[in-house]
Amino acid sequence: MMNNRELGYFMEAARIMNLGLASQNLNITQPALSKSIARLEKDLNIKLFKRSGRGLVLTEAGSILYQRGLMLQSSWHDVAKTMAELSNGRRGVVRVGSAGSATQFLLPEVCKRLQQEAPNVKLEIQIGMNDVLFSLLDKHELDIIIGPLVGYNKPVVQLPVTTDRVVVAASRSHPLADGPASLRDLSRYGWILPAKTVSMRQWLERIFYENHCAAPEVKIEISSLAAVPGLIASSGLLSFISENSLAEKEFASLLTRIDNNQLVMARRVGITYLQDAFLSPATQQVIDITCAYGQQ
C-alpha cells in the first residue's frame, strides 16, 4: 500500500530527476531515497524510473503517477487552505485577474464592498488582457477573472455581472474628432491596440475585413489600454477602449469617442473561473459580492 511519505519522496525525485539533489532537498540520504522508491515500485508492481545515460527519466507509469500526485498535492493544499480560512473567520487570499477596463469601473466597487463585508479577505490582483489572464487561470495561478466574458477552449463557469461597450477613441485634437468617421477614414490613421491574441482586437480587425477595408495599422502594441490615456492622447493614434473607461475623468479630459456605429462592440462583463476549480470560502465571498453589484 502506497503511503504519503513515499509518494512525497517520489514526487520530489520526479520533479528534479536527480536522486542526489532530491535527497538533499528532502534532508535524507540518497540510499534512503532509493530504497523508498524501490519499496513504492514493489508495492505498485511497476517501474517508475528508468536510466537514460547518466540520468533518470520517468516511465509511462511514473509520468502518470507524477501527474496524479500533483493533483493530490493541489487537493491537499485546497483542503488546508479552506480549513485555515474557516478557523480564522474566513480569512484568506483570493488571486484575482482583472481586465484593464474592469479595473476602473467594476473592481473599485467590489473592493469597497469587500472591505465592508469581508475585511479579513486579502486580494492579490493581476491586471492584464484576457489572453494573459486566461493563461494564468489555466495554470491555476488565478482563482477568478473579473472582466469581459469571452470564449475559451476549456470548460469554464461565467457569471454575468454587468455590460460594457468598446468604442473608437482618440485625442480631442485628432483630425477625426469633429464628426462621424467611416471605416475607410479610420483605416488611414495609425492605431494603438493590444496584441493579436486579444479578442477585442480580433473583433475589430474582423469588422474591417468583412467590409473590405484595410486592417488597422498598429503603431503601438500595448498590454493594457486602460492604463494609458495620456499615451493615447499624446501619440495622436486611434484606439479601441471601453466606453466605461472613456467616461472616467482621467480619460474624458484627454480623449473623445470617434463616431462609427459599425465599431461599437457590446460585451458582457463578469466573473470567469475554471469549471473544475476549487472555490475557497474567501473566493466564494468575492464572487458573491461581485455578483451582487450587478443585481443592484
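Q: Why is Glu-210 called partly exposed?
A: In this predicted model, Glu-210 has a relative accessible area of 48%. Buried would need a value under 20% and exposed one over 50%. The 48% of Glu-210 meets neither condition, so the residue is partly exposed.

Q: How do you know which class Arg-206 belongs to?
A: The relative accessible area of Arg-206 is 40%. That value falls between the cut-offs of 20% and 50%, so Arg-206 is partly exposed.

Q: What makes Glu-210 and Arg-206 a salt bridge?
A: Their closest N and O atoms are 3.8 Å apart. The cut-off is within 4 Å, between a side-chain nitrogen of Lys or Arg and a carboxyl oxygen of Asp or Glu. The pair therefore counts as a salt bridge.

Q: How far apart are Glu-210 and Arg-206 in terms of helical turns?
A: Both residues lie in helix α9 (residues 199-210) and are four residues apart, which means a separation of about one helical turn.

Q: Which residues are joined into one network by salt bridges that share partners?
A: The network consists of Arg-165, Glu-243, Arg-257 and Asp-259.

Q: Why do Arg-165 and Glu-243 count as a salt bridge?
A: The closest N and O atoms of Arg-165 and Glu-243 are 2.9 Å apart. This is within 4 Å, so the pair qualifies.

Q: Why can Arg-165 and Glu-243 be said to tie together separate parts?
A: Arg-165 belongs to strand β6 (residues 156-171) and Glu-243 to helix α11 (residues 243-246). The two parts tied together are 78 residues apart in sequence.

Q: Are Arg-165 and Glu-243 buried, exposed or partly exposed?
A: Arg-165 has 35% relative accessibility, and Glu-243 has 26%. Neither value is under 20% or over 50%, so each residue is partly exposed.

Q: What makes Arg-39 and Glu-6 a salt bridge, and where do they lie?
A: A distance of 2.8 Å separates their closest N and O atoms, which is within the 4 Å cut-off. Arg-39 sits in helix α3 (residues 30-44) and Glu-6 in helix α1 (residues 4-16), so this pair, 33 residues apart, links distant parts of the chain.

Q: Why do Arg-39 and Glu-6 get separate labels for exposure?
A: Arg-39, at 44% relative accessibility, counts as partly exposed. Glu-6 has a relative accessible area of 7%, which is under 20%, so Glu-6 is buried.

Q: How many salt bridges does a search of the whole structure find?
A: The search finds 16.

Q: How many aromatic pairs are found, and why is the pair of Trp-191 and Phe-208 given its type?
A: The whole structure holds three aromatic pairs. The ring centres of Trp-191 and Phe-208 are 6.1 Å apart, within the 6.5 Å needed for a pair. Their planes stand at 90°, over the 60 degrees required, so the pair is edge-to-face. Trp-191 is in strand β7 (residues 190-193) and Phe-208 in helix α9, 17 residues apart. Both Trp-191 and Phe-208 are buried.

Q: What makes the pair of Trp-203 and Phe-240 stacked?
A: The centres of these rings lie 5.9 Å apart and the planes are at 5°. An angle under 30 degrees counts as stacked, so the label fits this pair. Trp-203 comes from helix α9 and Phe-240 from strand β9, 37 residues apart. Trp-203 and Phe-240 are both buried.

Q: How much space lies in the second largest pocket, and which residues are closest to its centre?
A: The space is about 290 Å³. The lining has 23 residues, and Ser-101, Met-129, Pro-148, Met-200 and Arg-267 are the closest to the centre.

Q: Which element gives the largest share of the lining of the second largest pocket, and how do the lining residues divide?
A: Strand β11 gives the largest share, four residues. The lining divides into 13 nonpolar, eight polar and two charged residues.

Q: Why is Gly-128 called buried, and where is it?
A: Gly-128 has 7% relative accessibility, under the 20% limit, so it counts as buried. Gly-128 lies in the loop between β4 (121-127) and α7 (130-138).

Note on methods:
Residues numbered from 1 in each chain as written. Predicted model: local features only at pLDDT ≥ 70, side-chain atom pairs only at ≥ 80, totals over all residues. Heavy atoms only, no water. Buried < 20%, exposed > 50% of the residue type's maximum accessible area, 1.4 Å probe, protein only. 1 Å grid on protein atoms, 1.4 Å probe; cavity = no way out; pocket = protein on both sides within 12 Å on 5 of 7 lines; lining within 4 Å. Points joined across faces, edges and corners; volume = space filled by probe spheres on them. Nonpolar A, V, L, I, M, F, W, Y, C, P; charged D, E, K, R; others polar. Phe/Tyr/Trp six-rings, centres within 6.5 Å; stacked < 30°, edge-to-face > 60°.
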